[in-house]
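Colleague: Could you take me closely through one part of this model, the place where the two chains meet? I would like a connected account rather than a list.

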Number of protein chains: 2
Amino acid sequence: MTEKAIYGDTNPVPGAGDVKRFGSVIGLSPQMEQHYRELHANAWESVTRRLTESYIRNYSIYITELAGKKYLFSYFEYTGSDFEADMQAMADDPETQRWWRETRPCQIQLPNCAPGANWTEMECLFYLP
Amino acid sequence: MTEKAIYGDTNPVPGAGDVKRFGSVIGLSPQMEQHYRELHANAWESVTRRLTESYIRNYSIYITELAGKKYLFSYFEYTGSDFEADMQAMADDPETQRWWRETRPCQIQLPNCAPGANWTEMECLFYLP
């Protein structure tokens, strides 16, 4: 059972404001952890440039273990004005596709992932600038 | 088994740079979810002011469900120069203590939480400005 969202001064309605913030989660294959770490410690310049061109800013990925399983958590900010088009430009980019062929076998999609998505977007319940 | 950290251009050594970023996780009691949401949609001004005075910026809390359990994820940036002292100032603040008496019964500490800590800090493996 999911409780209803509650919005207020310190939990603005999503989409309000200039910057959109995204928190997401996905599983990590323990066999692939080292490869995932290596890839992300020195991510390809072609891929980080494409992220920047798609207005992705202040992008962190964290790792943790919960109940014996590994998970990745990401936080980033989107500063553009057409999120769908900017994400599509990434999906159409051959270098990003090549990157995803390396990273996706490391990841384990979660059952509550949206159709067509890879990471599961989380709901925000608090924000303080 | 935990793989070793790998640092590089897109995963700087922690502590390098001016701003320190923190990603953390904690369990959420499903019975207390609504109360936690209510508190955080309109967090007390005394508490958000104390956070700001302790140089906590760009602070988001997300909620998700993983393998049938509720979790909270937080991301914030610390822009001060004495993290321990700034956290202690929060811990010593009567209003923050009153807030924690409301929020802590909602949270479920995880086994890999550091001694004396409440949230479990996650390790960063990627950062793109």
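**The interface of chain A and chain B**

Modeller: Between chain A and chain B, 35 residue pairs are in polar contact, with both residues of each pair at pLDDT 80 or more; that confidence limit applies because this is a predicted model, in which side-chain atom pairs count only at that level. On the side of chain A that touches chain B, the elements giving two or more residues are β1 (20-28), α1 (33-41), α2 (45-53), β2 (56-66), β3 (69-78) and β6 (123-128) of chain A. Of these, β2(A) gives the most, with eleven residues. Sorted by class, that side of chain A holds 29 nonpolar, 14 polar and twelve charged residues.

The strand β2(A) also takes part in pairing across the chains, since it runs antiparallel to strand β6 (residues 123-128) of chain B and is joined to that strand over five bridges. Within this pairing, Tyr59(A) has Leu128(B) of β6(B) as its bridge partner.

Turning to the charged side chains, the rule finds two salt bridges across the interface of chain A and chain B, while a search of the whole structure finds 14 over all chains. One salt bridge joins Glu123(B) to Arg37(A), with 2.8 Å between the closest N and O atoms. This pair crosses between chains, with Glu123(B) lying in strand β6 of chain B and Arg37(A) in helix α1 of chain A.

As for extent, the size of an interface is often given as the accessible area lost when the parts come together. Here chain A and chain B bury about 4,700 Å² between them, and 58% of that area is on carbon and sulfur atoms. Arg37(A), Tyr62(A) and Leu125(A) together supply 16% of the area that chain A buries against chain B, which is more than any other three residues supply. Arg37(A) therefore appears twice in this account, in the salt bridge with Glu123(B) and among those three residues. In residue terms, the contact takes 55 residues from chain A and 55 residues from chain B.

Finally, there is the relation of the two copies. A turn of 180 degrees, with a shift of 0.0 Å along the axis, lays chain A on chain B with an RMSD of 0.0 Å, and that is the relation of a two-fold axis. The C-alpha of chain A nearest this axis belongs to Tyr75(A), at 3.7 Å from it. Both copies use the same surface, as 100% of the contact residues of chain A recur in chain B.

Note on methods. Residues numbered from 1 in each chain as written. Chains lettered and ligands numbered in written order. Predicted model: local features only at pLDDT ≥ 70, side-chain atom pairs only at ≥ 80, totals over all residues. Heavy atoms only, no water. Contact = heavy atoms within 4.5 Å. Buried area = accessible area lost by both parts, 1.4 Å probe. Salt bridge = Lys/Arg side-chain N within 4 Å of Asp/Glu carboxyl O. Polar contact = N/O pair within 3.5 Å; in protein donor to acceptor, adjacent residues only side chain to side chain. Helix = DSSP H or I, 4+ residues; strand = E, 2+ residues; numbered from the N terminus. Nonpolar A, V, L, I, M, F, W, Y, C, P; charged D, E, K, R; others polar. Pairing = 2+ DSSP bridges. Least-squares fit on C-alpha atoms with pLDDT ≥ 70 in both.
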